[in-house]
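Trainee: I've got this one open on my screen and I'd like a close look at a single part. Could you pick a strand, walk me through its surroundings, and then wander out from there?

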Amino acid sequence: NKQPPSQSLHLYLLAMSLGGEPPKWLAEDLPDEEQSESEGVLTKHDKSVLNSMAKFSQFVNYQVDLQRERVRKRLTINQWLLENENEWKILDNMCRMRPWAQNRDKAFPYPFHETTTQMREVGERLWIGDTEESLAEEERHFKRGPAPNDVLVNLVPTADYPPLQRYLLFTPEFGSADSYEREAWSQLEPAGKVDVWVISWQGWERFDQMLTEVFRWVVAFADGVSTIWFGHGTGAIVMYECMKLLQRHQAPCLPVAVVASGCPAPHLFASGFKPWEQHPALSRIKIPYDFEKITETQMVGLQRDFGFSQPKGCTDENTALPLLYNIAPGDLAIWAEKKNSADGGRKGDDALQRETTGQRQREASSRQRQRSVMSDLKLLKSYSEFRQEKEKEDEDEKAPSDEASKILVPLLVVSSDEDTLVGEEALAAWKSYAAADAVPGGSAGVGFPSSKKYPAFERLLLEDEEDGEMLAELGHGYVRQPPKSLLKKLAQMAAANLINKDINDDKMLPDVGPVDGELPETIDVLIVGAGITGVCAARDFVQKGFSVLIVDRLEGVGGIWRTYANIYSRVNTSEVGYRICDQEGPTARPNQDHSPTHDIMRDIHHVCAKFSFGRVRCYWDVKKTEKQADGRYLVHLEGVRGQGKRTILSKVVLFAVNRRIGKRRDVVFPGENHFRGDICYGYANELKHLKFYGKRVIVVGAGAFAFENLRTAIEHGARHATILGRRAGTTCPKWIDMIAFMRQVDGHFMTGKQGNMISFQAWQDCYRNAGLPFPECWDEGLLKPHNHTVSVSDLAFIAGYHGLASLEVGEIANFREDGQGVVLKDGRKLDCDIVIKCTGFHLNEEVPKITGHHAMHPSSMIDFNMAYIAEPLLDGGQFGSLKGEVDNSHLKSSAFEELLHHDPHKLSLIPERYHSELIPRGNPFGSGYAGQLLSQGNYVAWLAANPDKQREMLREASEPKLDMVQYWVSQINLASAEEFKECLAKALAAAAEPGAG
């Protein structure tokens with residue numbers, strides 16, 4: 001039976017103090033209960049202090065709620081699985097294309113659909129973003145009939161990943177991936193940097209069902225590549241309806257532009273596009289047998305406009321071959337031999353018996369395409385009904401249909417006057433669908449090459465550019481082998497709307513104002529560090545009305561993302577766990593998953609430009625702080641470019657400098673001068689100009705930067721990459737990281753044990769199936785090595801499976817004299833062409849030297865109005881593990897322990913709203929740091945805005961116990977709970993005295 005709240009808390013705390021485990025039912029929400037007695041026990045002062053301390057939990061809860069809401073808006077777990085599966089397959093195909101890869105004929109199967117289902121079956125049915133209704137909708141798939149190929153087909157892959165540009169080609173009516181010839185579309189410029197995909201929507205008979213299924217795959221690209229959508233014929237309508245859905249959907253795959261080709265505007269499609277009128281043979285197709293009635297003359301037109309094929313030697317009297325779409329010459333010969341033989345087809349039968357397996361497969365495929373043509377005919381006629389229903393929905397939602405119909409990115413309409421299926425008036429009508437304020441790239445104008453907008457609407461009339469006789473031969477089917485003018489225009493459009501990812505381009509990053517102006521003599525808030533933490537904290541202070549100045553000794557805004565990140569760097573956590581701002585505007589898109597350097601730098605500059613424009617001063621080094629009699633701080637600064645020395649008097653000083661990443665740890669190995677290859681560090685773009693293709697790479701180190709550089713090497717064509725660490729680092733697939741943000745948690749941010757076991761088994765299977773050794777720390781019961789994070793990388797496993805990557809434990813003794821590799825301390829020799837050093841960083845010990853303080857509170861406060869916000873060091877507590885934690889015994893509240901054992905009945909007097917503060921909570925932000933830093937920034941700004949409450953809280957709190965340098969993640973929540981207990985114990989002890997309360 002459940003105990004009353006006060007008694008349950010008592011039992012929990014008593015059990016924990018004795019080393020026991022809390023009762024399972026305590027994790028459930030406790031019912032509200034009158035606390036009239038306890039409300040009168042604590043004084044107004046006591047409650048003010050305790051409320052101030054509990055305020056931090058409110059800011060954490062706010063960030064958790066915000067994070068969950070972003071997940072809900074961004075995607076469901078099923079949609080994320082499709083995104084992840086699609087990228088997994090792209091990376092797998094990239095590895096298999098390498099001539100030296102293993103398992104080239106065998107893909108590494110994507111493993112996480114089944115695992116997710118298993119986790120749902122053990123009590124985790126609804127994840128963040130799910131409802132019973134949405135889950136039922138996602139689980140209800142509309143069965144696809146016969147179709148020529150999968151919905152997604154990679155027509156033109158690239159050797160490297162990610163590509164510079166991408167095209168999604170929506171198939172025309174009666175089409176397939178063959179509707180776009182690979183050789184012709186591979187001519188898109190820039191050569192080798194463009195991947196082309198075909199979206200095949202064939203196989204459904206109802207437009208609404210088709211759209212539901214196809215849209216799932218259209219949005220399965222989350223890598224942020226500049227993409228143009230191209231739809232021909234009915235494919236343009238499918239593209240348009242997908243675009244309407246996507247513009248209401250948060251995803252990083254919003255195209256930078258769309259192209260409608262050979263198709264009437266949507267409102268004229270039902271009345272203006274009737275291919276069966278130009279080709280009467282289509283109107284007579286009701287069953288597969290009807291294909292045999294198509295004559296050669298009819299087939300010529302069908303071949304021209306839709307890619308149907310006919311056999312050689314047929315006459316008008318002969319019916320055309322009932323197999324469609326580019327039949328192989330051998331198949332044609334077999335068919336002709338069988339049909340025309342004098343012995344009634346016996347010789348033809350013999351020929352058919354000699355048919356190869358590939359030919360039989362093509363024949364079966366052609367029969368599928370017959371049925372696909374029949375379903376296409378039904379689907380074309382169902383669009384009118386679909387459109388009418390959607391217009392009713394728009395009315396119900398009171399959404400103006402004209403606004404809802406707009407395409408908010410640049411629109412190009414392509415046509416040929418030799419295309420008899422579409423009239424000029426119907427083509428020109430597309431102009432009404434172009435938005436007047438279309439922006440390149442489909443974003444809010446951030447991160448694009450110039451402020452000049454690309455035209456919202458353009459026409460390409462092929463008859464003005466190409467030979468008329470050639471166009472007449474192509475008819476409606478001019479996209480199979482696209483004219484040069486079309487490819488040229490597409491390349492121009494793609495280049496003009498290319499998402500700018502060059503952080504060295506001044507046009508890419510929002511202007512934060514001058515950074516070299518004079519320093520003020522006084523200021524409300526001085527923030528030291530212009531990285532992500534400092535810029536976000538400045539936002540909090542500015543919103544509360546403080547005057548703010550950010551100083552940094554380096555050249556600009558960005559912190560370690562400017563100093564140490566590579567252009568290939570990516571956040572080591574899912575996008576929703578590292579979002580510092582929401583993009584704005586009608587076509588805003590979230591960053592790509594595991595956001596890259598350019599996305600993060602853009603966001604930091606965006607926040608700084610909006611809230612701290614002109615408030616940043618660079619090239620100033622803070623040397624010392626002195627607390628004044630009035631509580632303000634005199635801050636001493638020295639210019640790093642000879643500007644001299646200055647002082648600033650500030651009410652609040654916030655240090656926002658990285659704790660874990662101080663100065664680079666440089667390592668020089670004996671014999672480096674003998675090496676004939678390249679040696680560099682894996683930071684600050686030292687590897688930017690390396691040529692990886694065909695090279696053997698050793699990455700020295702086993703942390704996040706090491707796995708990042710392994711990924712970079714493989715993506716750019718390395719023959720083999722080896723992680724070489726003194727100890728085995730831990731890496732996980734993206735799925736492991738993402739589910740941390742999508743799974744339901746209890747009131748203490750803990751996930752279900754059964755689900756944890758299933759997910760860990762899937763993680764182990766990835767190592768096992770990839771042929772990679774388990775991290776040695778797993779044998780010790782640790783999730784990861786001490787002070788390491790868990791590196792997130794699908795490619796490490798995929799490359800391991802294909803023999804392109806390996807994980808080794810060892811240390812370099814020296815470079816070989818032959819210049820071809822290294823010798824390890826255990827005597828092993830490794831061949832290599834490139835060595836990348838990811839040997840870590842020294843801890844930043846400067847803040848204690850500047851302030852004269854060496855300890856801090858878990859609230860980030862060092863002293864009154866002085867705080868330090870930085871990422872903690874990473875022990876086992878990063879992911880809620882009790883193993884691997886540092887010694888935290890010094891944090892225990894002796895006063896509370898004494899009260900617990902000598903006067904336990906006092907626990908019943910604790911107001912219920914404080915119960916959660918007494919129990920350390922888990923980490924709700926997974927491997928992401930942004931949620932924690934944003935919570936701390938919110939809290940420090942609130943304390944500064946409430947100085948009396950801050951003084952009360954610091955006065956009643958015990959002396960700070962957390963080392964400012966050796967500040968471990970496991971200590972944060974524990975120290976917060978223990979500090980709260982200390983203050984509460986004082987209040988309860990005072991309540992026992994006569995007249996208390």
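Mentor: Let's start with strand β6 and then move on to some other spots worth a click. Keep in mind that this is a predicted model.

Go to residues 411-415, which make up β6. Are they buried or exposed? Five of the five are buried, so the strand is largely enclosed by the rest of the structure. In a regular strand the side chains alternate between the two faces of the sheet. Here L411, V413 and S415 point one way, while L412 and V414 point the other way. Whichever way they point, all of these residues are buried.

Now look at what β6 pairs with. One partner is β5, residues 257-261, and the two strands run in the parallel sense over four bridges. If you want a spot to check by eye, find V413 in β6 and look opposite: A260 stands there. Another partner is β7, residues 457-461, again in the parallel sense, with five bridges to β6. For that pairing, start from L411, whose bridge partner in β7 is F457.

From the strands, hop to a histidine. H476 sits in the loop between α19 (468-474) and α20 (484-496). Buried is the word for anything under 20% relative accessible area, and H476 comes in at 0%, so it counts as buried. What does H476 touch, leaving out residues up to four places away in sequence? The contacts are E173, H232, G233, G262, F273, D305, F306, D419 and L421.

Pick up F306 from that list, as it also belongs to an aromatic pair. F306 is buried, at 5% relative accessible area, and F308 is buried too, at 0%. The rings of F306 and F308 form a tilted pair, 6.3 Å centre to centre with 55° between the planes.

There's plenty more of that sort of thing, since the structure holds 44 aromatic pairs. Another tilted one is F207 with F386, at 4.9 Å centre to centre and 45° between the planes. F207 is in helix α8 (residues 207-218) and F386 in helix α16 (residues 357-396), so far along the chain that 179 residues separate them: this pair links distant parts of the chain. With a relative accessibility of 1%, F207 counts as buried, and F386 is buried as well, at 9%.

Ring pairs can also join up into a cluster, and here one takes in W88, F108, Y110, F112, W735 and Y801. Use Y801 to step into helix α27, where it is one of the buried residues. The helix covers residues 794-801 and is mostly covered, with eight of its eight residues buried. At the N-terminal end, S793 acts as the cap, with a side-chain oxygen 3.4 Å from the backbone nitrogen of L795. After the helix comes G803, with a positive phi near 70°.

While we're on backbone angles, here's the usual picture: most residues other than glycine have a negative phi, and most peptide bonds are trans. N103 goes against that, with a positive phi of about 55° although it is not a glycine. You'll find N103 in the loop between α4 (77-97) and α5 (112-121), where it is partly exposed, at 31% relative accessible area. F749 is another non-glycine with a positive phi, near 65°. Its loop runs between α25 (734-742) and α26 (753-770), and F749 is buried, at 10% relative accessible area.

As for the peptide bonds, have a look at two prolines. Y161 and P162 are joined by a cis bond with omega about -5°, and P162 is in the loop between β1 (152-156) and β2 (165-170). E189 and P190 are joined by a cis bond too, with omega about 0°. P190 lies in the loop between α7 (182-185) and β3 (194-199).

Finish with a couple of arginines. The charged end of R641 sits over the ring of Y619, 3.8 Å from its centre. R664 does likewise with Y681: its charged end is over that ring, 3.8 Å from the centre.

Definitions and conventions. Residues are numbered from 1 along each chain as its sequence is written. This is a predicted model: local features need pLDDT of at least 70, side-chain atom pairs count only at pLDDT 80 or more; totals for chains, interfaces and linings use all residues. Side-chain values use heavy atoms; hydrogens and water are left out. Buried means under 20% relative accessible area, exposed over 50%, partly exposed in between (1.4 Å probe, protein chains only). Two strands pair if DSSP finds at least two bridges between them. Contact means heavy atoms within 4.5 Å. A polar contact is a pair of N or O atoms within 3.5 Å; within protein, one must be able to donate a hydrogen and the other to accept it, and residues adjacent in sequence count only if both atoms are side-chain atoms. Rings of Phe, Tyr and Trp (its six-membered ring) pair if their centres lie within 6.5 Å; planes under 30 degrees apart count as stacked, over 60 as edge-to-face and the rest as tilted. A charge sits over a ring if NZ of Lys or CZ of Arg is within 6 Å of the ring centre and within 35 degrees of the ring normal.
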